[in-house]
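Work through the exercises below with the sequence and the coordinates at hand. Each task is followed by a solution in steps.

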Amino acid sequence: MTNSVFQGIMIPFIGTSLGATAVFFMKGNMNKTLQRILTGFSGGVMVAASIWSLLIPAMDYSSDMGKLAFIPATVGFWFGIIFLLILDKSIPHIHLDNQLEGPKSNFSKTMLLVFAVALHNLPEGMAVGAVWIGLLSGDTSITMAAAMVLSLGIAIQNFPEGAIVSMPLHSEGVKKSKSFVYGVLSGIVEPIGAVLTIMAAEIVLPILPYTLGFAAGAMIYVVVEELIPEMSEGNHSNLGTIFFSIGFTIMMILDIALG
């Protein structure tokens, strides 16, 4: 089981790292259309993961509450929204549309972009950690396959995120090797968040449905605040919508068929 937990924690990070390698194979800046497609795909995966891997298991976990089983998931969801809202306003970072968010800072544009993607990845790491805690606790609503599907789904949507960090940095004059390292570092917060969540299992387990809801709320905040505006910007915004739907469908299929 220990090896499975380690693999589950590291799979999303590997997805980001593989995405960052795009800087070695693609020339110039990332095409805006391609970035819109990748952003839309990532958003669809995150929304589907929030529903099938987090909110539904949270309500299943609270099934003994009958028709009130939605309460822990709903409360946790809103705490996740508020938590990400606070982080969004208190940590300086650059959105994918190059708009500065948070307090003014002397950090370079490179670091602000890394902070932005790291901010996206924090709730994903917490989600992975919370699901594995549920599995290790013996909760029958969470299976090994479901936990691995969540890790795999997040890894799939992390692939474009790694590329979205490394390629623009290189186009602005940063060496390929350094751009790759920054892309990898943007994803390191995920296994750290997962490990910290698992280490807090004694605290998390009694409130697991709230924790699952919290992770879902935080992920939905990222999608609505950052990814949807980016995928809808400019001409051919329908491509973002189409690939959002593709990402949603793939994650839904993985979760139902394999989970």
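**Exercise 1. Chain-level contacts and burial**

Task: Find what share of the contacts with a separation of 6 or more comes from residues 24 or more positions apart.

Solution. Take as a contact any pair with heavy atoms within 4.5 Å. Among contacts in the chain with a separation of 6 or more, residues 24 or more positions apart account for 78%. The model is predicted, so local features need pLDDT of at least 70 and side-chain atom pairs pLDDT 80 or more, while totals for chains, interfaces and linings use all residues. Residues are numbered from 1 along each chain as its sequence is written, and side-chain values use heavy atoms, with hydrogens and water left out.

Next, classify by relative accessible area: buried is under 20%, exposed over 50%, and partly exposed in between (1.4 Å probe, protein chains only). Of the 259 residues of the chain, 53% count as buried. The accessible surface (Shrake-Rupley method, 1.4 Å probe; for residues, only the protein chains shown count as cover) comes to about 11,500 Å², and 70% of it belongs to carbon and sulfur atoms.

**Exercise 2. Secondary structure**

Task: State how many helices and strands the chain has, and their pattern.

Solution. Use DSSP runs numbered from the N terminus: helices are H or I with at least four residues, strands E with at least two. The count is ten helices and two strands. Along the sequence the pattern reads α-α-α-β-β-α-α-α-α-α-α-α.

**Exercise 3. The nonpolar cores**

Task: Identify which residues touch the most other members of the largest nonpolar core, and which helices supply it.

Solution. A nonpolar core is a set of buried Ala, Val, Leu, Ile, Met, Phe, Trp, Tyr and Cys residues joined through side-chain atoms within 4.5 Å. The largest one has 46 residues, and Leu54, Val131, Leu150, Leu212 and Met251 touch the most other members. Helices that each supply at least two residues include α1 (2-20), α2 (32-61), α4 (109-136) and α9 (208-232). The most comes from α9, with twelve residues. A second, separate core has six residues, among them Val114, Val117, Leu169 and Val174.

Now inspect Leu212. Beyond four places in sequence, Leu212 is in contact with Leu54, Pro57, Ala58, Ala130, Val131 and Ile142.

**Exercise 4. Three single residues**

Task: For Val47, Val128 and Leu169, give the helix and decide whether each is buried or exposed.

Solution.
- Val47 lies in α2 and is buried at 14% relative accessible area. Its contacts beyond four places are Ile220, Val223, Phe244 and Phe248. The C-alpha atoms of Val47 and Ile220, 173 residues apart along the chain, are 6.3 Å from each other.
- Val128 is in α4 and is buried at 2%. Beyond four places, Val128 touches Gly8, Ile9, Pro12, Leu150, Ser151, Ile154 and Ala194.
- Leu169 belongs to α5 and is buried, also with a value of 2%. Its C-alpha atom is 9.0 Å from that of Gly183, 14 residues apart along the chain.

**Exercise 5. A pocket**

Task: Find which residues line the second largest pocket, and sort them by class.

Solution. On a 1 Å grid over the protein atoms alone, a pocket is an open set of points with protein on both sides within 12 Å along at least five of seven lines; lining residues have an atom within 4 Å of a point. The lining consists of Met126, Thr197, Val204, Ile207, Tyr210, Thr211 and Phe214. By class there are five nonpolar, two polar and no charged residues. The largest share, three residues, comes from α9.

Definitions and conventions
1 Å grid on protein atoms, 1.4 Å probe; cavity = no way out; pocket = protein on both sides within 12 Å on 5 of 7 lines; lining within 4 Å. Nonpolar A, V, L, I, M, F, W, Y, C, P; charged D, E, K, R; others polar.
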